[in-house]
Amino acid sequence: DLKGMKRRRISGFAGLNSGAAMSPDKNWVALTLSKDGNPELYKINLINSQTIRLTRTRYASEASPSWSPDGKQIVFVSDQGGTPQLYVISSDGSAPQRITFKGGQNVDPDWGPDGRIVCSRLWGGKYGIVVLDMGGTEIAITSDDANYEDPSWAPDARHIICSRSINYISELYVLDTMGDAPLRFPLSFGEWKSPDWSPVNY
(Lines give C-alpha, C1' and ligand atoms only; values in the text may rest on other atoms or scores of the structure.)
Protein backbone atom coordinates (compact mmCIF):
# COMPACT_ATOMS: atom_id res chain seq x y z
CA ASP A 1 0.00 0.00 0.00
CA LEU A 2 1.84 3.11 -1.23
CA LYS A 3 -0.31 5.48 0.80
CA GLY A 4 -0.20 3.64 4.11
CA MET A 5 3.30 2.22 3.50
CA LYS A 6 2.12 -1.20 4.64
CA ARG A 7 3.02 -4.55 3.10
CA ARG A 8 2.11 -8.20 3.49
CA ARG A 9 3.52 -11.37 1.99
CA ILE A 10 1.20 -12.98 -0.54
CA SER A 11 3.44 -15.84 -1.69
CA GLY A 12 6.17 -17.68 0.18
CA PHE A 13 6.37 -21.13 -1.39
CA ALA A 14 9.58 -23.11 -1.75
CA GLY A 15 11.41 -22.30 -4.98
CA LEU A 16 10.54 -19.46 -7.34
CA ASN A 17 7.95 -16.84 -6.42
CA SER A 18 8.39 -14.30 -9.19
CA GLY A 19 6.89 -12.02 -11.82
CA ALA A 20 3.71 -11.08 -9.94
CA ALA A 21 1.06 -9.12 -11.86
CA MET A 22 -2.16 -7.84 -10.29
CA SER A 23 -5.49 -8.40 -12.05
CA PRO A 24 -7.58 -5.38 -13.13
CA ASP A 25 -10.14 -6.04 -10.36
CA LYS A 26 -7.31 -6.18 -7.77
CA ASN A 27 -8.52 -9.58 -6.48
CA TRP A 28 -5.87 -11.83 -8.03
CA VAL A 29 -2.15 -11.94 -8.68
CA ALA A 30 -0.69 -14.01 -11.52
CA LEU A 31 2.86 -15.20 -10.97
CA THR A 32 5.42 -17.93 -11.57
CA LEU A 33 5.86 -20.64 -8.94
CA SER A 34 8.12 -23.68 -9.00
CA LYS A 35 6.72 -25.31 -5.87
CA ASP A 36 5.46 -28.35 -7.84
CA GLY A 37 8.55 -28.81 -10.01
CA ASN A 38 9.35 -26.66 -13.02
CA PRO A 39 8.24 -23.01 -13.18
CA GLU A 40 4.52 -22.80 -13.98
CA LEU A 41 1.92 -20.05 -14.13
CA TYR A 42 -0.40 -19.68 -11.12
CA LYS A 43 -2.85 -17.16 -9.73
CA ILE A 44 -3.38 -16.32 -6.07
CA ASN A 45 -6.54 -14.76 -4.63
CA LEU A 46 -5.61 -11.73 -2.52
CA ILE A 47 -8.71 -12.10 -0.33
CA ASN A 48 -8.55 -15.76 0.71
CA SER A 49 -5.08 -16.85 -0.58
CA GLN A 50 -6.59 -19.52 -2.85
CA THR A 51 -3.83 -20.71 -5.22
CA ILE A 52 -4.76 -22.02 -8.67
CA ARG A 53 -2.37 -23.57 -11.17
CA LEU A 54 -2.97 -22.34 -14.73
CA THR A 55 -0.36 -24.16 -16.86
CA ARG A 56 0.96 -27.72 -16.97
CA THR A 57 4.04 -27.87 -19.19
CA ARG A 58 6.26 -30.55 -17.71
CA TYR A 59 9.38 -29.74 -19.71
CA ALA A 60 8.96 -25.97 -20.10
CA SER A 61 9.02 -22.82 -17.99
CA GLU A 62 6.50 -19.98 -17.81
CA ALA A 63 7.18 -16.39 -16.75
CA SER A 64 6.21 -12.69 -17.03
CA PRO A 65 2.39 -12.76 -16.85
CA SER A 66 0.32 -9.70 -17.77
CA TRP A 67 -3.48 -9.45 -17.59
CA SER A 68 -5.79 -8.32 -20.36
CA PRO A 69 -7.72 -5.10 -19.57
CA ASP A 70 -10.94 -7.06 -18.89
CA GLY A 71 -9.16 -9.62 -16.68
CA LYS A 72 -10.34 -12.56 -18.78
CA GLN A 73 -6.95 -13.51 -20.27
CA ILE A 74 -3.26 -13.51 -19.38
CA VAL A 75 -0.31 -13.16 -21.73
CA PHE A 76 2.92 -14.82 -20.61
CA VAL A 77 6.26 -16.17 -21.81
CA SER A 78 6.88 -19.89 -22.28
CA ASP A 79 9.68 -21.88 -23.86
CA GLN A 80 7.51 -24.93 -24.53
CA GLY A 81 8.15 -24.46 -28.27
CA GLY A 82 11.93 -24.41 -27.79
CA THR A 83 12.53 -20.65 -27.44
CA PRO A 84 10.83 -18.01 -25.26
CA GLN A 85 7.63 -16.92 -27.03
CA LEU A 86 4.35 -15.26 -26.04
CA TYR A 87 1.26 -17.28 -25.19
CA VAL A 88 -2.22 -16.24 -24.11
CA ILE A 89 -4.39 -18.25 -21.72
CA SER A 90 -7.84 -17.68 -20.24
CA SER A 91 -7.73 -16.58 -16.62
CA ASP A 92 -9.32 -19.90 -15.63
CA GLY A 93 -6.43 -21.82 -17.22
CA SER A 94 -8.22 -22.89 -20.41
CA ALA A 95 -7.55 -22.30 -24.13
CA PRO A 96 -3.80 -21.60 -24.17
CA GLN A 97 -2.47 -20.40 -27.54
CA ARG A 98 0.83 -19.19 -28.91
CA ILE A 99 0.68 -15.68 -30.43
CA THR A 100 4.29 -14.92 -31.56
CA PHE A 101 6.18 -16.76 -34.28
CA LYS A 102 8.77 -14.21 -35.45
CA GLY A 103 12.15 -13.44 -33.89
CA GLY A 104 14.48 -15.60 -31.87
CA GLN A 105 12.73 -14.64 -28.62
CA ASN A 106 9.68 -12.64 -27.56
CA VAL A 107 9.73 -11.65 -23.89
CA ASP A 108 8.61 -9.04 -21.33
CA PRO A 109 4.96 -8.70 -22.48
CA ASP A 110 2.67 -5.95 -21.21
CA TRP A 111 -1.02 -5.91 -22.14
CA GLY A 112 -2.07 -2.32 -22.75
CA PRO A 113 -5.30 -0.52 -21.86
CA ASP A 114 -6.49 -0.53 -25.50
CA GLY A 115 -6.01 -4.29 -25.97
CA ARG A 116 -2.62 -4.22 -27.70
CA ILE A 117 0.39 -6.10 -26.34
CA VAL A 118 3.93 -4.76 -26.31
CA CYS A 119 6.96 -7.01 -25.95
CA SER A 120 10.71 -7.14 -26.45
CA ARG A 121 11.83 -9.19 -29.47
CA LEU A 122 15.29 -10.60 -30.21
CA TRP A 123 16.04 -9.98 -33.87
CA GLY A 124 19.46 -9.80 -35.52
CA GLY A 125 21.29 -10.01 -32.20
CA LYS A 126 19.44 -7.03 -30.65
CA TYR A 127 16.25 -6.65 -28.63
CA GLY A 128 13.67 -4.27 -30.06
CA ILE A 129 10.16 -3.24 -29.06
CA VAL A 130 7.19 -4.68 -30.97
CA VAL A 131 3.49 -3.84 -30.58
CA LEU A 132 0.97 -6.49 -31.60
CA ASP A 133 -2.75 -7.05 -31.43
CA MET A 134 -4.78 -10.24 -31.17
CA GLY A 135 -5.67 -9.92 -34.84
CA GLY A 136 -2.08 -10.69 -35.83
CA THR A 137 -0.86 -7.19 -36.72
CA GLU A 138 2.68 -6.40 -35.54
CA ILE A 139 4.58 -3.10 -35.62
CA ALA A 140 8.24 -2.66 -34.66
CA ILE A 141 8.73 0.76 -33.06
CA THR A 142 12.52 0.64 -32.56
CA SER A 143 15.17 0.18 -35.23
CA ASP A 144 18.55 1.42 -33.98
CA ASP A 145 21.52 -0.58 -32.66
CA ALA A 146 20.54 -0.35 -28.98
CA ASN A 147 18.82 -3.06 -26.92
CA TYR A 148 15.29 -2.19 -25.78
CA GLU A 149 13.78 -4.31 -23.00
CA ASP A 150 11.09 -4.39 -20.27
CA PRO A 151 8.41 -2.27 -22.01
CA SER A 152 5.44 -0.94 -20.03
CA TRP A 153 2.38 0.88 -21.38
CA ALA A 154 1.36 4.35 -20.26
CA PRO A 155 -2.32 4.82 -19.31
CA ASP A 156 -2.84 6.80 -22.55
CA ALA A 157 -2.22 3.61 -24.64
CA ARG A 158 0.15 5.61 -26.83
CA HIS A 159 3.44 5.84 -24.96
CA ILE A 160 5.70 3.08 -23.67
CA ILE A 161 8.51 3.29 -21.15
CA CYS A 162 11.35 0.78 -21.42
CA SER A 163 15.04 0.32 -20.77
CA ARG A 164 17.50 1.15 -23.55
CA SER A 165 21.05 -0.13 -23.30
CA ILE A 166 24.07 0.54 -25.50
CA ASN A 167 27.73 -0.05 -24.68
CA TYR A 168 26.58 -1.77 -21.46
CA ILE A 169 24.89 1.41 -20.15
CA SER A 170 21.15 1.14 -19.47
CA GLU A 171 18.79 4.13 -19.32
CA LEU A 172 15.02 4.61 -19.42
CA TYR A 173 13.32 5.90 -22.56
CA VAL A 174 9.75 6.82 -23.45
CA LEU A 175 8.66 5.59 -26.90
CA ASP A 176 5.80 7.02 -28.93
CA THR A 177 3.75 4.49 -30.91
CA MET A 178 2.57 7.30 -33.21
CA GLY A 179 6.08 7.97 -34.50
CA ASP A 180 7.55 10.78 -32.41
CA ALA A 181 11.23 10.46 -31.48
CA PRO A 182 12.19 8.47 -28.36
CA LEU A 183 12.63 10.58 -25.25
CA ARG A 184 15.28 9.86 -22.63
CA PHE A 185 13.82 9.85 -19.13
CA PRO A 186 15.81 12.34 -17.01
CA LEU A 187 17.32 10.32 -14.19
CA SER A 188 20.53 10.64 -12.22
CA PHE A 189 23.66 8.76 -13.24
CA GLY A 190 23.53 4.98 -12.94
CA GLU A 191 21.94 1.85 -14.39
CA TRP A 192 18.14 1.95 -14.83
CA LYS A 193 16.09 -1.12 -15.78
CA SER A 194 12.66 -2.82 -15.55
CA PRO A 195 10.31 0.21 -15.40
CA ASP A 196 6.58 -0.20 -14.79
CA TRP A 197 4.14 2.63 -15.55
CA SER A 198 1.42 2.97 -12.89
CA PRO A 199 -2.20 3.05 -14.11
CA VAL A 200 -2.86 6.31 -12.23
CA ASN A 201 -0.89 9.33 -11.08
CA TYR A 202 0.07 9.67 -7.41
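Two strands are said to pair if DSSP finds at least two bridges between them, and strands themselves (E, at least two residues) are DSSP runs that are numbered from the N terminus. The structure is a predicted model, in which local features need pLDDT of at least 70 and side-chain atom pairs count only at pLDDT 80 or more, while totals for chains, interfaces and linings use all residues. Residues are numbered from 1 along each chain as its sequence is written, and side-chain values use heavy atoms, with hydrogens and water left out.

**Exercise 1.** Determine which residue of strand 14 is the bridge partner of Ser152, and describe how strand 14 is set between strand 13 and strand 15.

Solution. Step 1: the bridge partner of Ser152 in strand 14 is Ile161, and strand 13 pairs with strand 14 in the antiparallel sense over five bridges. Step 2: these two strands form a hairpin with five residues between them, and Ala157 in the turn has a positive phi of about 60°. Step 3: Ile161 also stands opposite Val174 in strand 15, where eight bridges join strand 14 to strand 15 in an antiparallel arrangement. Step 4: strand 14 and strand 15 likewise form a hairpin, here with two residues between them, and Asn167 in the turn has a positive phi of about 55°. Step 5: six of the eight residues of strand 14 are buried (under 20% relative accessible area, against over 50% for exposed and in between for partly exposed, with a 1.4 Å probe and protein chains only), so strand 14 is largely enclosed by the rest of the structure.

**Exercise 2.** Find which residue forms a salt bridge with Asp176, and place the pair in the chain.

Solution. Step 1: a salt bridge requires a side-chain nitrogen of Lys or Arg within 4 Å of a carboxyl oxygen of Asp or Glu, and a search of the whole structure finds eight of them. Step 2: Asp176 forms its salt bridge with Arg158, the closest N and O atoms being 2.7 Å apart. Step 3: the pair links distant parts of the chain, since Asp176 is in strand 15 (residues 169-176) and Arg158 is in the loop between strand 13 (147-153) and strand 14 (159-166), 18 residues apart. Step 4: Asp176 counts as buried because its relative accessibility is 8%, whereas Arg158, at 32%, counts as partly exposed. Step 5: Arg158, Asp176 and Asp180 are linked in a network of salt bridges.

**Exercise 3.** Identify the edge strands of the sheet that contains strands 9, 10, 11 and 12.

Solution. Step 1: the four strands form an open sheet in the order 9-10-11-12, with antiparallel pairing. Step 2: strand 9 (105-111) and strand 12 (138-140) stand at the edges, each with a single partner strand, so one side of each is left without a neighbour in the sheet. Step 3: strand 9 is joined to strand 10 (residues 117-123) by five bridges, and within this pairing Gln105 has Leu122 as its bridge partner.

**Exercise 4.** Decide whether Thr57 is buried or exposed, and list its contacts.

Solution. Step 1: Thr57 lies in the loop between strand 4 (51-53) and strand 5 (62-67), and it counts as buried because its relative accessibility is 14%. Step 2: leaving aside neighbours within four places in sequence, Thr57 is in contact (heavy atoms within 4.5 Å) with Asn38, Glu40, Glu62 and Gln80.
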